[in-house]
Amino acid sequence: MKRFLLLLAIGLGYAEPVFIEVAQNDLQFSMFESKNSRREIAPVDNTLYKKECASCHFGYQPGLLPAQSWTYIMQNLEKHYGVDASIDEQDRVAITEYVLANSSEKAAAMYRRSAKLTSSMQPGVLYLSITEIPYHIKKHRKIDKHLIAQKEVGSLARCAACHTSADDGVYRKRYVKIPNYGAWRD
């Protein structure tokens, strides 16, 4: 059985390379990944996490923080950013397992934004918030403080205020629309 590997570049960079394995009369796609559908961070897919966490604030994808940070957050829910967010022990354990299994270090191999966040972190540093991570700081450094301070945004921790596709794990610049400013172009 004769096989060929064909590298096909699609359009003007709108897709990653496509590897097509040709075997006689069959076309078998061994990899295809469109940049338009490629997620930067795995979206939240845990019902319990959505119910207990995302019902009060943006459902931060586990791939935004390292395991050490998630462990600290989940062990200190009674002091969760100034609020008592305690939940029953069984739910706490289940959510902890979910966020640790999908933390930035675990997600880095599959999701590029998780990889960038993780590689920017200093070993041994406990990051208590996404806003403390060097990569996050770098990506937001050019935004005027008044745009962040306005009531529609309030804080860099409110991702979905500007990132219109944040719930889907997409944080690309083309999906950023800052309230009272418009599309972000640096």
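This report covers the salt bridges of a predicted model.

**Overview**

The model holds 5 salt bridges. Three of them are set out below, with the distance between nitrogen and oxygen.

| Pair | N to O distance |
|---|---|
| Arginine 113 and glutamate 40 | 3.0 Å |
| Arginine 172 and glutamate 40 | 3.0 Å |
| Lysine 51 and glutamate 52 | 3.3 Å |

**Around glutamate 40**

Glutamate 40 pairs with arginine 113 through their side chains. This salt bridge links distant parts of the chain, 73 residues apart. Arginine 113 lies in helix H5, residues 112–120. Glutamate 40 sits in the loop between strand S3 (26–31) and helix H1 (47–52). Both arginine 113 and glutamate 40 are buried.

Arginine 172 also forms a salt bridge with glutamate 40. Here the two residues are 132 apart along the chain. Arginine 172 belongs to the loop between helix H7 (145–149) and strand S4 (177–178).

Is arginine 172 buried or exposed? Its relative accessibility is 10%, so arginine 172 counts as buried. For glutamate 40 the relative accessible area is 0%, and therefore glutamate 40 is buried.

**Lysine 51 and glutamate 52**

Another salt bridge joins lysine 51 to glutamate 52. Lysine 51 is exposed, because its relative accessible area is 52%. Glutamate 52 has a relative accessible area of 23%, so glutamate 52 is partly exposed.

**The network**

Which residues are joined into one network by salt bridges that share partners? They are Glu40, Arg112, Arg113 and Arg172.

Notes:
Residues numbered from 1 in each chain as written. Predicted model: local features only at pLDDT ≥ 70, side-chain atom pairs only at ≥ 80, totals over all residues. Heavy atoms only, no water. Salt bridge = Lys/Arg side-chain N within 4 Å of Asp/Glu carboxyl O. Helix = DSSP H or I, 4+ residues; strand = E, 2+ residues; numbered from the N terminus. Buried < 20%, exposed > 50% of the residue type's maximum accessible area, 1.4 Å probe, protein only.
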